[in-house]
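Welcome, and please have your viewer ready. We will go through the model one selection at a time.

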Amino acid sequence: MKNNNENINELLARFYDQAEIDGIAEDINKGDKAIASFALPKPDPAVVETVKAKVSAEASRRKSKKFTNISYKTALVAMLAVLAFGGIRTIVHQAAPYGDSELAFFWGDTASAGTVDPRLALINEQLDEIEMSLELVAAEKVVSDDDSAIDELETELLLDTKSIWRG
Amino acid sequence: MVDNNELNRIVKSCQKGDNEAFSELVDIFSTSLYGYFYRLTGNTETSNDLLSEIFIKLVQKIDTFKGGSFKKWLFTIASNIFYDFLRFRYRQKNLIDGKTATLGDSQQHIDSTSDLKDELDHYLAKLDTDTAEILMLRFYGELSFKELAELRSEPIGTTLSKVHRGLKKMRKIMEDDNAHQSLN
């Protein structure tokens, strides 16, 4: 069985005198031959097949365990990524308070607007008030326009009355 | 035995989880590993169990093999399994007998239910466990002195000396035994 092609004499030369080397090499050589002269015990082929089945089962189990571990790790990484993204969003919102909410306002997204920052709700309220004021102003303008027409009529009437006296 | 390139290819396939590659390793090493366990325990049943155990360990630990001599790596596991078995049996024996047993006892490596089939088992049984193990590692593992020394974490000169003394002692036992038989 032993078949490692080792140069024993070369190895022995590192540790022993030249006079000892031949004797030791011969002892080793004879010992190896003595062991090799005995039959090589071999496992029963049925045992080898059983071992192969066990090994295959263990390899499959290991593979599925590895896959499960990878899945868990991927899920963990995904979860951390979501948490990190959430954290970044919070920081960005704190730095620039009128981000998405502002957009939601401009696009009239009431669903999002319902969850907006109170500061934005205040702005929204103020904008509504301004809008109402503008409407009032517009309404007043119409009224004012009507008044000026009356004034014009009164002026014309006055002028006409004066004209009567002139003949 | 396959050449190193082929062996490396098979091992890499095993590391990728290829079941066929594991079967190839069983085909390549089952005889040498069985021989190693059988010569040290002298028991077929125990050797079969240890053979299963080492291949299961091989599957579990294949990712830890980072190159170098695969045979050395595999027989390091085999050696650990053998000594674990001895320790287990030592504890078992203590429990049963209530006596103190010595791990290095000259008869320690032969199981009490041994089914000795040839004289080599008988000669090995007369050597101490460490010597018998190093001889079987060298013979069945086809390990060089350098690999043996690395496996045993000892200087190569120490390994060389132990193998030399072990082989010489075994031959002496064989000669004495033959002389004894011829007298009878």
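How many helices and how many strands does chain B have? Colour chain B by secondary structure and you will find eight helices and zero strands. Keep in mind as you look around that this is a predicted model. Going along the sequence, the pattern of chain B reads α-α-α-α-α-α-α-α.

**Stop 1: chain B as a whole**

Stay with chain B and show all of its 184 residues; 37% of them count as buried. If you draw the contacts in chain B between residues at least 6 apart in sequence, 62% of these join residues at least 24 apart.

**Stop 2: a helix pair in chain B**

Next, select residues 19–41 of chain B, which form helix α2, together with residues 70–97 of chain B, which form helix α4. Their axes come within 11 Å and cross at roughly 30°. Angles under 35 degrees count as roughly parallel, and therefore α2(B) is roughly parallel to α4(B). Turn the view until one helix lies in front of the other: α2(B) passes α4(B) in a right-handed crossing.

Now show the side chains where the two helices meet. Which residues make the contact? From α2(B), pick Phe29(B), Leu33(B), Tyr36(B), Phe37(B) and Leu40(B). From α4(B), add Leu74(B), Ala78(B) and Phe82(B). Colour this selection by residue class and you get eight nonpolar residues, with no polar and no charged ones.

**Stop 3: where chain B touches chain A**

Bring chain A into view and select the residues of each chain that are in contact with the other: 38 residues of chain B and 32 residues of chain A. On the chain B side, the elements that give two or more residues are α2, α3 (44–61), α6 (129–140) and α8 (156–183). Which element gives the largest share of this side? The helix from the previous stop, α2(B), does, with 11 residues. Colour the chain B side by class as well: there are 19 nonpolar, 13 polar and six charged residues.

**Stop 4: chain A on its own**

Finally, hide chain B and look at chain A. Its secondary structure comes to six helices and zero strands, and from the N terminus on the elements run α-α-α-α-α-α. Chain A has 167 residues, of which 7% count as buried. For the contacts in chain A with a separation of 6 or more, residues 24 or more positions apart account for 13%.

Key. Residues are numbered from 1 along each chain as its sequence is written. Chains are lettered from A and ligands numbered from 1 in the order in which they are written. This is a predicted model: local features need pLDDT of at least 70, side-chain atom pairs count only at pLDDT 80 or more; totals for chains, interfaces and linings use all residues. Axes are lines fitted to C-alpha atoms, for helices over the stretch in contact, and angles run from 0 to 180 degrees between N-to-C directions. Helices (H or I, at least four residues) and strands (E, at least two) are DSSP runs, numbered from the N terminus. Angles under 35 degrees count as roughly parallel, over 145 as roughly antiparallel, 65 to 115 as roughly perpendicular and the rest as oblique. A crossing is left-handed if the near helix is turned anticlockwise from the far one by less than a right angle, and right-handed if clockwise. Two residues are in contact if their C-beta atoms, placed from the backbone, lie within 7 Å. Ala, Val, Leu, Ile, Met, Phe, Trp, Tyr, Cys and Pro count as nonpolar, Asp, Glu, Lys and Arg as charged, and the others, Gly among them, as polar. A residue is buried if 20 or more other C-beta atoms lie within 10 Å of its own, exposed if 12 or fewer, and partly exposed in between; C-beta atoms are placed from the backbone.
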